[in-house]
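Visitor: I should like a close look at one part of this model, beginning from a polar contact between two side chains. Please then work outward from that place to its surroundings.

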Amino acid sequence: MTPPQRWALTVPFAGIPLSEHPKLYRQAEALGYDDLWSSETPNGTDGFTPLALAAPVTERMRLVTGIVNPYTRGPAVLAQTSGSLQEASGGRFVLGLGAASDVTVERFNGMVFEKPLSKVREAVAAIKPVLSVPADRGPGGLRLERPVQQRVPIVLAALRGKMLGLAAEVADGAFTNFLPLSGLPRVVEALRDGERAAGREERSTELACRFFILPMPEEQALGVARQMFAAYGSVPVYTNFFRWLGWSEQIDPMVEAYTSGDRRRAVELAPVELMREVFVFGSAEEIRARVHEFLEGGITTAVLTPIAAPEQVPALIDALARS
């Protein structure tokens with residue numbers, strides 16, 4: 001069965017205090033948004049707190065971590081936090097799990113980032129039984145004191161073939177990021193290959209994608225995007241992703257400058273053609289039309305990340321609602 005198309009927002013909203021988020025969550029639900037996906041960054045909020053704030057003030061929207069990782073939280077902690085949010089939300093929680101990056105795991109948390117595919121596979125194997133109905137025992141005999149009454153779905157952050165295949169094999173969905181439109185067919189193909197290898201029904205796996213929304217003209221948007229793209233695109237997991245999609249020639253000079261410490265030069269070398277494919281900009285109508293190109297190409301859940309001044313966010317939530 002093909003998952004339904006969903007229209008979602010990334011939370012928290014930059015520059016807006018968490019204490020002011022509940023009214024924005026109510027606004028989003030009233031406008032018809034389907035999900036809230038949290039963004040956990042090393043120097044930002046954690047992936048669970050924004051969703052915990054959303055649970056009591058919403059009734060319909062799914063609440064998804066997008067993403068948390070199994071290096072900085074063990075399987076028991078992930079299971080108990082997920083179980084608590086599933087109970088608090090009345091069964092609307094989805095665990096978005098992924099390997100994160102060497103920057104997050106090693107530089108900021110002092111852990112070893114190794115064998116990400118195995119780490120994620122092992123984490124799902126440990127957590128899934130505990131978050132199922134009926135529940136089974138997890139690592140060390142773990143069983144929640146308050147078992148979930150509804151199974152917690154799991155979505156895996158996945159960029160390249162092996163992780164997309166793993167998502168199709170052991171999870172309910174895959175979550176990609178910084179995806180150029182021209183790379184969408186290869187990502188979809190890898191997910192379908194994973195479904196076939198796992199003996200699952202074709203197109204049964206949710207495919208979510210985060211879109212960075214710049215509600216401004218192209219020239220202005222590219223100026224804003226350069227800084228973000230140079231930083232993210234130079235992280236090894238994203239560099240390898242773009243190379244896998246055939247963008248080595250365009251991205252390698254930027255990555256070389258960034259890793260050598262010449263950040264200004266890296267920003268200058270950010271490939272405009274690739275940024276045009278990754279970032280979504282223009283009027284609300286142009287943004288919706290562009291995102292729908294991805295939906296027509298196989299994305300099932302569009303996760304919008306508005307990049308705007310805090311005072312513009314409420315109006316932007318309204319303007320970007322699916323018509």
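Guide: A polar contact is here a pair of N or O atoms within 3.5 Å; within protein, one of the two must be able to donate a hydrogen and the other to accept it. The model is a predicted one, and every distance and angle below is computed from it.

The contact in question joins the side chain of Thr305 to the side chain of Thr10, at 2.7 Å. Thr305 belongs to strand β9, which covers residues 301-306. Because buried means under 20% relative accessible area, Thr305, at 12%, counts as buried. Residues up to four places away in sequence aside, Thr305 touches Thr10, Arg210, Phe211, Phe212 and Ile213.

Phe212 leads onward from here, since the list of residues touched by Thr305 includes Phe212 and so does the list for Phe279. With neighbours within four places in sequence left aside, Phe279 is in contact with Phe178, Phe212, Leu214, Ala225, Met228 and Phe229. Phe279 is also one of the residues with the most contacts inside the largest nonpolar core, which has 103 residues; the others named in that group are Leu95, Leu156, Phe229 and Phe242. Apart from this core lies another, of 10 residues, including Val64, Ala157, Phe175 and Val303.

Two of the partners of Phe279 deserve a closer look. Phe178 sits in the loop between β6 (173-177) and α7 (184-198). The phi angle of Phe178 is near 55°, a positive value in a residue other than glycine. Phe178 is buried, with a relative accessibility of 1%. A second residue with positive phi offers a contrast: for Lys115, which is not a glycine either, phi is near 45°. Lys115 lies in the loop between α4 (102-107) and α5, and with a relative accessible area of 63% it is exposed.

Phe229, the other partner, leads to a pair of helices. Helix α8 (residues 218-233) packs against helix α9 (residues 236-244) at an angle of about 95°, their axes being 7 Å apart. That angle makes α8 roughly perpendicular to α9. On the α8 side the meeting residues are Phe229, Tyr232 and Gly233, and on the α9 side they are Tyr238, Thr239 and Phe242. By class, this contact has four nonpolar, two polar and no charged residues. Phe229 and Phe242 thus appear both in this helix contact and among the residues with the most contacts inside the largest core.

Another helix pair may be set beside this one. The axes of α5 (residues 116-127) and α6 (residues 161-170) come within 10 Å and cross at roughly 10°, which makes α5 roughly parallel to α6. Pro116, Leu117, Val120, Arg121 and Val124 of α5 make the contact with Lys162, Met163, Leu166, Glu169 and Val170 of α6. By class, the contact has seven nonpolar, no polar and three charged residues.

Finally, the backbone close in sequence to the starting point merits inspection. Val11 and Pro12 are joined by a cis peptide bond, with omega about 5°. Pro12 is found in the loop between β1 (6-11) and α1 (21-30). A cis peptide bond also joins Gly66 and Ile67, where omega is about 10°; Ile67 lies in the loop between β3 (62-65) and α3 (75-88).

Definitions and conventions:
Residues are numbered from 1 along each chain as its sequence is written. This is a predicted model: local features need pLDDT of at least 70, side-chain atom pairs count only at pLDDT 80 or more; totals for chains, interfaces and linings use all residues. Side-chain values use heavy atoms; hydrogens and water are left out. Axes are lines fitted to C-alpha atoms, for helices over the stretch in contact, and angles run from 0 to 180 degrees between N-to-C directions. Helices (H or I, at least four residues) and strands (E, at least two) are DSSP runs, numbered from the N terminus. Angles under 35 degrees count as roughly parallel, over 145 as roughly antiparallel, 65 to 115 as roughly perpendicular and the rest as oblique. Contact means heavy atoms within 4.5 Å. Ala, Val, Leu, Ile, Met, Phe, Trp, Tyr, Cys and Pro count as nonpolar, Asp, Glu, Lys and Arg as charged, and the others, Gly among them, as polar. A nonpolar core is a set of buried Ala, Val, Leu, Ile, Met, Phe, Trp, Tyr and Cys residues joined through side-chain atoms within 4.5 Å. Buried means under 20% relative accessible area, exposed over 50%, partly exposed in between (1.4 Å probe, protein chains only).
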